[in-house]
Amino acid sequence: MKIDKRDWSFIALVAVVLIVFISISGKETTKPVPNDVTHKSVYDEAYKNAPTTDASFFKKTFFKPAKKDAEKLCEPCHTANGVKFPPNHPPKNRCLFCHKLQK
Ligand code: HEC
Ligand code: HEC
């Protein structure tokens, strides 16, 4: 079988799609918020309204951590402690969209 020009463009297209796919799927590397003593205040704030173990099933299912309140703590403390953002850091108004809380 002879590979003509049309075949080569098809092969090129498949290659491009593959490369894009691989580069997107490798993106989930943003560091989570460390679950340590330093970040305890963040977790306390986020889970301040967490339902107790005897709360109704409904309350537990639909509970969402208070991320917006917790996010207010991040930058002031990082600045105070000289924690640097990487130079290419993306826009950082919603920390917890990207830096996930750990369980
Ligand atoms: C009370 C102070 C404080 C608060 C509040 C805080 N941080 Fe930090 N954070 C630090 C310090 C200090 C470090 C440096 C590493 C360490 O000592 O844990 C750090 C490091 C980090 C790191 C890097 C961890 C690593 O493995 O290199 C991430 C990511 C981070 N913080 C995210 C957040 C986010 C997101 C918030 C808000 C939801 C937040 N931090 C709130 C003090 C704080
Ligand atoms: C749009 C997504 C996004 C948002 C919003 C965001 N970050 Fe990041 N952050 C990243 C990425 C991507 C990196 C680099 C990859 C990594 O986590 O090492 C990074 C890196 C960091 C680091 C350095 C981690 C290290 O390697 O030591 C810190 C600290 C940090 N972010 C804190 C914050 C804080 C605090 C906020 C909110 C004020 C915030 N980020 C908001 C995506 C985000």
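**Close-ups of two ligand sites in a predicted model**

**View 1. Seventeen neighbours ring ligand 1.** In this predicted model, 17 residues surround ligand 1, meaning that each has a heavy atom within 4 Å of it. The closest are Thr38, His39, Cys74, Cys77 and His78. Sorted by class, this shell holds 10 nonpolar, five polar and two charged residues. (Ala, Val, Leu, Ile, Met, Phe, Trp, Tyr, Cys and Pro count as nonpolar, Asp, Glu, Lys and Arg as charged, and the others, Gly among them, as polar.)

A quick note on conventions: residues are numbered from 1 along each chain as its sequence is written, while chains are lettered from A and ligands numbered from 1 in the order in which they are written. Local features need pLDDT of at least 70, side-chain atom pairs count only at pLDDT 80 or more, totals for chains, interfaces and linings use all residues, and side-chain values use heavy atoms, with hydrogens and water left out.

**View 2. Polar contacts hook up with ligand 1.** Here a polar contact is a pair of N or O atoms within 3.5 Å. The side chain of histidine 78 has an N or O atom 2.7 Å from a nitrogen atom of ligand 1. Aspartate 36 puts a side-chain N or O atom 3.4 Å from an oxygen atom of ligand 1, and for lysine 31 the distance to a ligand 1 oxygen is 3.5 Å.

**View 3. Helices lend residues to the ligand 1 shell.** Helix 2 (40-46), helix 4 (67-80) and helix 5 (95-98) each chip in at least two residues; helices here are DSSP runs of H or I, at least four residues long, numbered from the N terminus. Helix 4 gives the largest share, four residues.

**View 4. Now for the shell of ligand 2.** Around ligand 2 there are 16 residues, and the closest are Lys31, His89, Cys95, Cys98 and His99. By class, they split into eight nonpolar, four polar and four charged. Helix 4 and helix 5 each supply at least two residues, with helix 4 giving the most, three.

**View 5. Lysine 31 turns up again, beside ligand 2.** A side-chain N or O atom of lysine 31 is 2.9 Å from an oxygen atom of ligand 2. Two histidines pair with nitrogen atoms of ligand 2: histidine 89 at 2.7 Å and histidine 99, through a polar side-chain atom, at 2.8 Å.

Note on methods:
A polar contact is a pair of N or O atoms within 3.5 Å; within protein, one must be able to donate a hydrogen and the other to accept it, and residues adjacent in sequence count only if both atoms are side-chain atoms.
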